[in-house]
Amino acid sequence: MNAYKTTIEYDDRSVRHFMVASITWGLVAMLAGVIAAFQLNFWEMNGKFLETVTFGLFKSEGLQYITFGRLRPLHTNAAIFAFVGNMMFAGIYYSTQRLCKCRTASDLLTKIHFWGWQAIIVLAAITLPAGLTRGKEYAELIWPINILVAVIWLTFAVNFFWTLRKRNEPSLYVALWFYIATIITVTMLYVVNHLSIPTSFTHSYPIFGGVQDALVQWWYGHNAVAFFLTTPILGIMYYFIPKSVNRPVYSYRLSIIHFWSLVFIYIWAGPHHLLNTALPKWLQVLGMFFSLMLWAPSWGGMLNGLLTLRGAWDKLRTDPVVKFLAVGVTFYGMSTFEGPLLSIRAINATSHYTDWTIGHVHSGTLGWNGFMAAGMFYWLAPRLWGTKLWSKDLANVHFWIGLVGILLYVASMWVSGISQTLMLNQLDESGTRVVNEFVDTAMAPSVWGMMLTRAIGGTLYLTGFILLAINIFKTARAGKPVNETREVYVERPDIQDRMSWRDAFRNDPITYTGWHLLFVILWFFLPPGADLMSLLGAGVMAFLAIRAFRRNKEGWVGWHERLLHNYLPFSVFVLIAVAIGGMVQIIPAVTVNRAKNVEDRLQTLYTPLELAGRDIYVSEGCYNCHSQMVRTLVPEVLRYGDYSRLGESIYDHPFQWGSKRTGPDLAREGGARSNDWHYKHLMNPRSLQGSTTKSRMPNYPWLAEEKIDFKALPKKIAVQTQLGVPYPAMTRDEIEQDAREQALAIAATLAEKGVEIPVEAGSPEEARDYLAERKMVALISYLQKLGAYDDVEPGSVPDNRPSPIMPDIPDDHKEQLTLSEAE
């Protein structure tokens with residue numbers, strides 16, 4: 001073993017850059033969130049207000065770029081990838097260099113990472129308000145940007161693992177474990193969920209559809225929260241809390257249990273976002289089971305963080321850094337208690353699709369991520385600029401304003417969500433009819449008032465963050481950029497990065513763990529009788545593992561310690577741990593989402609015009625407010641119609657089940673209202689008589705002006721066919737003709753009713769011809785198709801079943817559409 005001293009200058013310039021970027025984008029994300037919150041109280045905030053503030057100079061019934069449906073994805077992506085993403089990179093780059101006792105491997109890769117990530121954020125800020133989206137929560141970015149995300153993320157990964165390879169500290173500290181898990185798992189999640197086939201430079205269809213897409217999306221969506229918003233912040237917690245109080249982590253053993261159990265269990269919990277839906281029951285039970293198990297590791301980590309403060313609680317009175325970090329970890333505990341609670345099917349029936357879920361998400365993002373970010377920034381700023389924090393008093397003011405803001409936010413969402421569910425579930429004396437209309441519940445004081453309180457709470461939180469920005473700016477102005485230089489003692493023991501793959505895999509811990517997991521997984525899939533035998537086998541393996549551990553405790557502990565000296569085998573075990581849960585859920589779902597497994601209903605295919613209308617629906621972000629899934633709950637069936645079946649959305653790429661109902665469910669909307677009602681409702685929901693006069697939905701006047709892209713339909717149909725949607729062979733002319741004929745038919749009904757159009761029309765025929773070219777007609781055709789299905793015998797439908805909605809094409813037709821021809 002060679003040992004020597006060396007002097008290292010850390011790359012703190014990149015840390016400063018990422019920190020400033022995080023603060024800047026954090027302000028943008030929070031401002032977008034506050035505007036979106038007020039939009040849900042005052043519909044004029046969707047653009048109509050511009051006419052008021054400009055004293056009529058700017059005439060506007062709505063501005064398409066800032067409607068809630070487009071602004072909400074901008075808010076979520078900015079909060080997750082811009083605010084927390086840049087904060088995470090700042091913390092990782094700072095702590096990894098100190099924990100590895102070496103400078104980051106490549107300054108060039110760090111610069112590419114920083115500027116590439118900011119470019120991604122700018123592109124997102126341009127495309128999302130423009131309506132360019134994939135229509136999947138937290139995965140809205142169009143495919144060219146997704147490729148750039150993958151390239152920049154891999155650049156970060158290479159730089160990180162290269163730094164581990166050249167480290168001067170033999171053992172991997174616990175924070176590095178969480179960083180490794182973040183990089184590996186996010187790579188896997190992002191790639192799988194973003195697999196798409198492009199139809200143009202700005203549009204694509206995901207390769208998954210229906211229930212399969214729902215499962216993959218929430219496998220990604222839930223674990224984006226787990227491995228982008230949780231595990232890297234836990235690594236930051238394990239580094240910065242001990243640093244802030246100058247004390248070691250409370251329990252090293254607890255950190256081992258916390259890490260491995262969290263990494264393995266978290267990946268299984270995604271299906272709890274789809275409880276009481278058409279998702280197969282076994283997957284719902286699986287998601288709920290593992291979600292409940294998350295209580296133990298999550299609270300283990302929280303307690304490990306808080307108990308690290310033992311003996312330093314007095315700093316809570318004087319040090320704003322400790323205040324933010326302690327309360328941030330407390331919010332982590334609260335969020336990770338509430339999450340498993342909401343995964344219980346009976347409770348989820350109350351919380352899902354309501355504001356309760358919104359409050360839960362924000363207690364994690366703003367309470368956990370936001371407060372941890374503030375604590376880390378206040379700790380870093382004096383060290384990065386070589387001076388003291390400009391104002392501790394201002395930091396304390398930020399703390400209290402932010403805390404009051406987030407408490408108002410979360411508490412109001414609890415009240416709003418539970419109140420609205422109780423009103424929606426209220427039945428008359430006969431128990432056969434719901435009492436309250438959806439819009440009436442949304443305008444009830446216990447809902448409307450709480451939503452306004454939420455907006456006020458968000459404004460307070462934003463105000464606190466503005467104070468942070470001022471404080472950091474003043475601190476930077478008072479000092480000058482400093483790169484820390486440190487003399488370190490370097491030792492390279494013989495066991496560092498020398499573990500063979502045989503030693504890594506052929507040992508008691510891996511053998512017993514592998515057999516135990518195999519028996520547990522078989523327990524889910526084997527038929528009655530055999531499943532009990534498998535469960536018994538799992539119990540036996542657990543007993544044998546405990547006995548083996550007691551007999552050779554030093555051998556088991558020694559193996560893990562050797563593993564921590566070898567980053568590559570450690571990383572492989574992390575990959576295996578997270579991949580198991582994904583494969584067990586997704587691979588069986590691939591076989592479920594087929595026409596032969598549709599229960600008793602099969603979705604009727606969209607016509608070309610209806611497919612265009614669906615893409616417009618997605619582009620406008622309608623899925624942010626409306627679900628298309630009637631759950632297996634009595635009040636929902638009474639309100640919306642029969643519960644949704646697996647086969648009714650089997651050809652939907654992407655699925656549109658939704659996660660929040662700001663408006664009513666649309667799964668059975670087709671044929672319920674006339675074409676002119678939909679036209680007037682989209683132009684101005686408040687122009688109609690009845691409950692819609694209370695609507696907070698935006699106006700969509702531009703849909704009556706913008707033209708349908710008929711020329712894009714052949715390529716879209718070709719890609720849908722490639723994805724397994726059984727469209728019959730058609731030429732590009734036939735596709736366009738079919739769409740135009742259906743558009744003319746709908747436009748004729750609108751012209752007959754005398755609907756208002758943006759231009760003067762001398763006759764109903766001129767009005768018809770004008771409307772037949774507009775996006776409004778395509779969207780109406782899609783809305784009128786929702787809920788259309790064919791009754792079938794379960795298991796009797798072949799996968800290549802032809803469409804009943806398209807005309808038959810003669811066998812001798814020579815000019816059939818192919819993907820290459822459409823290109």
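**Close-up views of a predicted model**

**Figure 1. Ser 22 sits in helix H1, which covers residues 13-39.** Like every view here, this one comes from a predicted model. Is Ser 22 buried or exposed? Its relative accessible area is 0%, so Ser 22 is buried, because buried means under 20%. Look also for Ala 82 in this view: 60 residues separate Ser 22 from Ala 82 in sequence, yet their C-alpha atoms are 6.3 Å apart in space.

**Figure 2. Helix H13 runs from residue 320 to residue 342.** You can check the length of this helix for yourself. H13 has 23 residues, and at 1.5 Å a residue they should span 33 Å. The C-alpha atoms at the two ends are 32 Å apart, which agrees with that expectation. How many of the residues of H13 are buried? The count is 19 of 23, so the helix is mostly covered, because buried means under 20% relative accessible area. At the N-terminal end of H13, Asp 319 acts as a cap. A side-chain oxygen of Asp 319 lies 3.0 Å from the backbone nitrogen of Val 321.

**Figure 3. The protein is divided into domain 1, domain 2 and domain 3.** Domain 1 takes in residues 2-481, domain 2 residues 501-597, and domain 3 residues 604-791. If you go from the C-alpha centre of domain 2 to that of domain 3, the distance is 47 Å. Keep these domains in mind for the pockets in the next two views.

**Figure 4. The largest pocket lies between domain 1 and domain 2.** Why is it placed there? Both of these domains give residues to its lining, so the pocket lies between them. The space inside the largest pocket is about 1,600 Å³. Its lining is made of 41 residues, and those nearest the centre are Trp 260, Ser 261, Pro 509, Thr 513 and Trp 556. Several helices supply at least two lining residues each, namely H9 (252-266), H10 (281-293), H20 (508-525), H21 (530-551), H22 (553-564) and H23 (567-592). Which helix gives the most to this lining? That is H20, with eleven residues. Sorted by class, the lining of the largest pocket holds 33 nonpolar, five polar and three charged residues.

**Figure 5. The second largest pocket has a volume of about 1,000 Å³.** Around this pocket you will find 46 lining residues, with His 626, Gly 663, Pro 664, Leu 666 and His 681 nearest the centre. Two or more lining residues come from each of helix H3 (68-100), helix H17 (438-442), helix H25 (634-640), helix H26 (675-683) and helix H30 (775-785). H26 gives the most, with four residues. Domain 1 and domain 3 each contribute at least three residues to the lining of the second largest pocket. The classes in this lining are 23 nonpolar, 13 polar and ten charged.

**Figure 6. The second largest cavity holds about 200 Å³ of space.** How can empty space be found inside a protein? Rolling a probe the size of a water molecule over the atoms shows where such space is left. Searching the whole structure gives eight cavities of 30 Å³ or more. For the second largest cavity, the lining has 19 residues, and Gln 628, Glu 648, Ser 649, Asp 652 and Gly 787 lie nearest the centre. This lining divides into seven nonpolar, seven polar and five charged residues.

**Figure 7. Pro 654 follows a cis peptide bond.** The bond in question runs from His 653 to Pro 654, and its omega is near 0°. To find Pro 654, look in the loop between H25 and H26.

**Figure 8. Asn 246 and Tyr 353 are worth viewing as a pair.** Asn 246 is not a glycine, but has a positive phi of about 60°. Tyr 353, also not a glycine, has a positive phi of about 70°. Where do they sit? Asn 246 is in the loop between helix H8 (231-245) and H9, while Tyr 353 is in the loop between helix H14 (345-351) and helix H15 (355-385). Asn 246 is exposed, with a relative accessible area of 70%, whereas Tyr 353 is buried, at 4%.

Methods: Residues numbered from 1 in each chain as written. Predicted model: local features only at pLDDT ≥ 70, side-chain atom pairs only at ≥ 80, totals over all residues. Heavy atoms only, no water. Expected span 1.5 Å × (residues − 1). Buried < 20%, exposed > 50% of the residue type's maximum accessible area, 1.4 Å probe, protein only. Polar contact = N/O pair within 3.5 Å; in protein donor to acceptor, adjacent residues only side chain to side chain. Domains from an automatic or database assignment. 1 Å grid on protein atoms, 1.4 Å probe; cavity = no way out; pocket = protein on both sides within 12 Å on 5 of 7 lines; lining within 4 Å. Points joined across faces, edges and corners; volume = space filled by probe spheres on them. Nonpolar A, V, L, I, M, F, W, Y, C, P; charged D, E, K, R; others polar.
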